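Reader: I've got a model to go through and I'd like to talk about its rings and one of its helices. Could you walk me through it?

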Amino acid sequence: MIRKAITTLGFGLICCSAIAQNSAKEVDPELRLALREAITQADSFADRFDAEVWLMSKSQPLSRYIKDPKRRMHVLKAVHREAIRAELRPEIVLAVIQIESAFNPYAVSRVGAQGMMQVMPFWKKEIGRPDDNLIDMDTNLRYGCTILKHYIKKAKGNLANALAYYNGSYGRHTYSSKVLDAWASRWR
């Protein structure tokens, strides 16, 4: 009985090893290079392993929106950095961006919201920085994450209400539902 269990375990390990080796061979070399560079420069992660796991797990769903692996890693690192700085879950920020702009840094809404997180330009005047460029990804993420964190505090941690505040649709949860659905299906 024990010999059979050991044999089965050994066979299982050999199969798993073969599957892992085949999976590793299928990784796009450009993605591998971009990931390696992103990991060595990732400053918002606890350690290199955390960076590798998170970046790789989010790179695949983001590839639908951003084809270039280097650009994708750049966006993921920036989102992670700004989300962590604002004490937000990066996955929620990714979901907000998916719904707001589909990761288009040049997006401008019909009401004038700009960039990936669709930040309203009036915020620049509110804080005395009228020359800030909301199309710049890093600036947009800094504003968007800070605004979202403010609304989470205002909503006493209720994410659905905070998202409605963020979108200017407080009292309705259509937008919140879209973001939370995106988070649950793609980014969690």
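What follows is a chat about aromatic pairs, charges over rings and one helix.

Reader: Before we start, what kind of model is this? And how many aromatic pairs does the structure hold?

Author: Keep in mind that this is a predicted model. Going by ring centres within 6.5 Å, the number of aromatic pairs in the structure is 5.

Reader: Take Y65 and F103: is that pair stacked, edge-to-face or tilted?

Author: Their ring centres are 5.2 Å apart, with the planes at 45 degrees. Stacked needs under 30 degrees and edge-to-face over 60. An angle of 45 degrees fits neither, so the Y65 and F103 pair is tilted.

Reader: How many residues apart in sequence are the parts that this pair ties together?

Author: Y65 is in the loop between helix 3 (48-62) and helix 4 (69-85). F103 is in the loop between helix 5 (90-101) and helix 6 (122-126). The pair therefore ties together parts separated in sequence by 38 residues.

Reader: Y65 and F103: which one is buried and which is partly exposed?

Author: The cut-off for buried is under 20% relative accessible area. Y65 has 22%, so it counts as partly exposed. F103 has 3%, so the buried one is F103.

Reader: Which ring pairs with F103 from helix 9?

Author: Helix 9 covers residues 174-187, and its partner for F103 ties together parts 84 residues apart in sequence. The two ring centres are 5.7 Å apart and the planes are at 55 degrees, so this pair is tilted too. Like F103, the partner is buried. Ring pairs link it with Y65 and F103 into a cluster, and its name is W187.

Reader: What about charges over rings: which residue has its charged end over W183?

Author: One case elsewhere is K154, which lies over the face of Y165 at 4.5 Å from the ring centre. Over the ring of W183, 4.5 Å from its centre, sits the charged end of R188.

Reader: Now helix 5: how far apart are its end C-alpha atoms?

Author: Helix 5 has 12 residues. At 1.5 Å a residue, the helix should span 16 Å. The model agrees, because the end C-alpha atoms are apart by 16 Å.

Reader: And how many residues of helix 5 are buried?

Author: Helix 5 is mostly covered. Its buried residues include P90, L94 and S101, and among the parts covering them are helix 3, helix 7 (137-154) and helix 9. Of the 12 residues in helix 5, the number buried is 11.

Reader: Which residue just after helix 5 takes a positive phi?

Author: The phi there is about 55 degrees. The residue is A102.

Note on methods. Residues numbered from 1 in each chain as written. Predicted model: local features only at pLDDT ≥ 70, side-chain atom pairs only at ≥ 80, totals over all residues. Heavy atoms only, no water. Phe/Tyr/Trp six-rings, centres within 6.5 Å; stacked < 30°, edge-to-face > 60°. Helix = DSSP H or I, 4+ residues; strand = E, 2+ residues; numbered from the N terminus. Buried < 20%, exposed > 50% of the residue type's maximum accessible area, 1.4 Å probe, protein only. Lys NZ or Arg CZ within 6 Å of the ring centre and 35° of its normal. Expected span 1.5 Å × (residues − 1). Contact = heavy atoms within 4.5 Å.
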